[in-house]
Amino acid sequence: MSKPFFITTAIDYTNAAPHVGHAYEKILADVLARYHRLAGDRTYFLTGVDQHGQKVQQAATAAGISPEEFVAQTTEKFTALWKRLDISFDGWAATTDPLHKTCVQGILQALHDKGDIYRAKYRGFYSVRQEQFLTDKERGEDGAFGPEWGEVVELEEENWYFRLGQYRDWLIGFLDSHPAAVIPSFRLAELRNAAAKISNDLSISRPKSRLSWGIELPFDRDCVTYVWFDALVNYISFAGYGDPAKADEFAALWPALHVIGKDIIIPAHGIYWLIMLHAMGFPDEQIPPLLVHGYVMMDGEKMSKSLGNIRDPNTFVDTFGAGALRYYLMRDCAVGQDMDFTDDRLVQRYNGDLANSLGNLLNRSLSMAKRYRQGVLRRCESPLAEFVTEKTAAYRRQMDAHQIHAAIETTQEIVVRCNAYVEETAPWKLAKDPAQADKLDEVLYTLAEALRIVSLLITPVLPSAADAIRAQLVWAGPLDFNEVAWGRLADGHQLGEPVPVFPRIERE
Ligand code: MSP
């Protein structure tokens, strides 16, 4: 039986259109999903949109339309972009979906019945932008709340609270005994420190007088639930949790690998979500691991709408194609680290690695095979077989460890080695000497076979280009990682016509 691979991304706020930072995360998860499909795993990739909450309500008011209409418009921008970027999700989590609402309300009721949710009065300072009450911990050195909190107002409210504090020791014990709970591991240490400081319970309700755009509490119709308590549940509601008809499906999939940015591990995912799952009765071995990525930066700052430095991914798709953006983001950013985004670097990466290196290898290999052998291969032993096999194994280890940039580098090493091999063997000289006919066949077979394997290795990052390469090689074998074994091209295989797959980007 193949093993399940359930991967999720954060669901994006629909208070604005997506930018390159959002796209980075979806592409990262898409590459892992496509790799696991290739590896034969039963893959389920869930992504979606976070449609409730104050930010969305405020944006709708500013636009002069209802929140329903507003989220319909913004959600369309996300789905259209993911389509253009070849994001191959299997499940779409939109939090206004009635299925999700039923699940969230079921969980709230169960936690309420269990005594984990209680009512209390609270007076304090509230950040409108962050939708949370602030404590002294949030004050800066000068005693004031910093600009990151936006407008801060004093409020008194009666609210419902989730007993977060009661589970502090469980969380600490869990993190101490599960070193793989957070990737990369330095983020586990940060989370451990934050968990040790949990002192308050979590307010999980908002009075409808202040916020109406949310899911009603099943035990108090005057309140909606706090947006995080709603949004986090998407990971299970859209996988069948709480639906008896889907119990087996859910059990077979869960736990997911949660791909999230470093801004939402503390407290949302690392504290609230893990404790919510534990309180719901999920055993420790079913607590999902968190794969935490860094930021796409612009001139040293996080790309974000509030900083006003966002780039629309659509412009890159229009100008260079989806592949160029996918490749650049995956190649230049080590998962977990930040990356600096520049148009120049995108073009350099594309021209250097794809146009000049891989594209050139494909073109010259097919052209030589056509010129010297009418595109017909003779199956031969190859001096590069062992090298390519080793690299393929390394690629697999790297992808299994979510090290996409390293796996791309490994693939690139095969391409570089093959281009050097062309220079070393000089097929144009071999072709002039009939005594070297066998050697020429060996070179042509080696290049075609290496390209066939490379086309599989680049499939997760560059699915369309990989298809185009396979079409030119006339290779219709299954999209399956077993096919990376050396020597699948048969004796007498007829190659196709060379057509540039990565035309060079020329800029003024
Ligand atoms: N709606 C919440 C997540 C709820 S998950 C149950 C949210 N939305 S968001 O739109 O602000 O961010 C969505 C994801 O995009 C987050 O994982 C966030 O880290 C990521 N990114 C947003 N800007 C980013 C960059 N500039 N760079 C990389 N990822 C960033 O948080």
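Which residue of S13 stands opposite Ile 7? Select Ile 7 and look across: Leu 257 is the residue opposite in S13.

Before going on, a word on what is loaded. This is a predicted model in which local features need pLDDT of at least 70 and side-chain atom pairs count only at pLDDT 80 or more, while totals for chains, interfaces and linings use all residues. Residues are numbered from 1 along each chain as its sequence is written, and side-chain values use heavy atoms, with hydrogens and water left out.

**Stop one: strand S1**

Select residues 4–9, strand S1. Strands here are DSSP runs of E with at least two residues, and helices are runs of H or I with at least four, numbered from the N terminus. Five of the six residues of S1 are buried, so the strand is largely enclosed by the rest of the structure; buried means under 20% relative accessible area with a 1.4 Å probe, protein chains only.

Now add residues 257–261, strand S13, which runs parallel to S1 and is joined to it by three bridges. Two strands pair if DSSP finds at least two bridges between them. Next show residues 42–50, strand S3, which pairs with S1 in the parallel sense over five bridges. Here Pro 4 stands opposite Arg 42.

**Stop two: a four-stranded sheet**

Move on to the open sheet ordered S6-S5-S7-S9, where the pairing is antiparallel. Its edges are S6 (132–134) and S9 (202–203), each pairing on one side only. Zoom in on S7 (residues 152–162), which is antiparallel to S9 over two bridges; Phe 162 stands opposite Leu 202 there.

**Stop three: a three-stranded sheet**

Another open, antiparallel sheet has the order S10-S12-S11. S10 (205–207) and S11 (216–217) are the edge strands. Select S12 (residues 220–225) to see the two bridges that join it to S11, with Val 224 as the bridge partner of Glu 216.

**Last stop: the second largest pocket**

Select Cys 103, Gly 240, Tyr 241, Gly 242 and Asp 243, which lie nearest the centre of this pocket among its 21 lining residues. A pocket is an open set of points on a 1 Å grid over the protein atoms alone, where a 1.4 Å probe fits, with protein on both sides within 12 Å along at least five of seven lines; lining residues have an atom within 4 Å of a point. The volume, the space filled by probe spheres set on the points, is about 350 Å³.

Colour helix H4 (98–113), helix H9 (247–253) and helix H10 (265–280), each supplying at least two lining residues. H4 gives the most, with seven.

Terms used:
Buried < 20%, exposed > 50% of the residue type's maximum accessible area, 1.4 Å probe, protein only.
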